[in-house]
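Thanks for coming, everyone. Please have the sequence and the 3D view open while I talk.

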Amino acid sequence: MKSTRPVFLNLFVIRLPIGAVVSILHRVSGVALFGASFYLLWLLWLSTSNTSTFDQLQTMLEHPLHSIALWLTLSLLGYHIVAGVRHLLLDLHIGDSLRAGRVSAVLVLVCSIALSMAIGVWFWF
């Protein structure tokens with residue numbers, strides 16, 4: 001027997017609730033942080049190998065591309081931590097009503113943007 005339910009698979013048209021968007025972004029930021037960890041480990045290796053690679057690292061970090069990469073990595077880390085705290089609170093059944101879930105999702109986005117801007121100010125000013 002064939003189902004008569006409509007099938008709508010255009011993911012660019014489906015409007016997800018804000019809690020779902022925050023949850024998906026939390027997973028995406030985790031994957032991005034996994035990738036960024038290789039970059040950070042490479043920087044750590046350069047800083048601890050010997051004095052010539054440390055001097056090389058210092059001149060390399062003066063390039064704006066590395067500053068942007070570090071800012072982006074720290075911004076992702078900030079978002080991941082804030083969203084992770086939200087998920088931990090939801091696991092403890094704190095704020096798991098529909099209204100509180102929406103408010104906490106918006107709060108995660110606002111706090112992450114503020115944290116990202118603060119990291120940018122710390123980097124460039």
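Start at leucine 61. Skip the residues up to four places away in sequence, and leucine 61 touches Leu43, His66, Ser67 and Leu70. Keep in mind that this is a predicted model. Leucine 61 sits in helix H2. Take one of its partners, leucine 43. The two residues are 18 apart along the chain, and their C-alpha atoms are separated by 9.4 Å. Is leucine 61 buried, partly exposed or exposed? Its relative accessibility is 30%, so leucine 61 counts as partly exposed. The label "buried" needs a value under 20%, and "exposed" needs one over 50%.

Stay in helix H2, which covers residues 51–61, and go to threonine 53. Here the label changes. Threonine 53 counts as buried because its relative accessibility is 13%, and the cut-off for buried is under 20%. What lies 2.9 Å from a polar atom of the threonine 53 side chain? The backbone oxygen of leucine 46 does.

Next, the core. Which residues make up the largest nonpolar core? There are five in all: Val22, Tyr79, Ala83, Ala105 and Val108. Two elements give two or more residues to this core. They are helix H3, residues 64–91, and helix H4, residues 98–124. Pick alanine 105 out of that set. Leave aside its neighbours within four places in sequence. Alanine 105 is then in contact with Ile18, Gly19, Val22 and Arg86. Val22 appears in that contact list, and Val22 is also a core member.

Now the surface. Look for a nonpolar patch of about 1000 Å². Phe8, Leu11, Phe12, Val13, Ile14, Leu16, Val21, Ile24, Leu25 and Val28 make this patch. Let's zoom in on valine 21. Which helix holds valine 21? The answer is helix H1, residues 18–49. Valine 21 has a relative accessible area of 31%, so valine 21 is partly exposed. That value falls between the cut-offs of 20% and 50%. Then compare sequence with space. Valine 21 and leucine 88 are 67 residues apart in sequence. From C-alpha to C-alpha, they are 17 Å apart.

Last stop, histidine 93. Where is histidine 93? Find the loop between H3 and H4; histidine 93 lies there. Check its backbone angle too. Histidine 93 has a positive phi of about 60°, although histidine 93 is not a glycine. Its relative accessibility is 61%, so histidine 93 counts as exposed. The cut-off for exposed is over 50%.

Quick recap of the labels. Threonine 53 is buried. Leucine 61 is partly exposed, and valine 21 is partly exposed too. Histidine 93 is exposed. Over to you for questions.

Definitions and conventions
Residues numbered from 1 in each chain as written. Predicted model: local features only at pLDDT ≥ 70, side-chain atom pairs only at ≥ 80, totals over all residues. Heavy atoms only, no water. Core = buried A, V, L, I, M, F, W, Y, C linked by side-chain atoms within 4.5 Å. Buried < 20%, exposed > 50% of the residue type's maximum accessible area, 1.4 Å probe, protein only. Helix = DSSP H or I, 4+ residues; strand = E, 2+ residues; numbered from the N terminus. Contact = heavy atoms within 4.5 Å. Polar contact = N/O pair within 3.5 Å; in protein donor to acceptor, adjacent residues only side chain to side chain. Patch = residues over 30% accessible without salt bridge, like charges linked within 9 Å, V, L, I, M, F, W, Y side chains within 5 Å. Areas by Shrake-Rupley, 256 points an atom, 1.4 Å probe, with all protein chains shown as cover. Salt bridge = Lys/Arg side-chain N within 4 Å of Asp/Glu carboxyl O.
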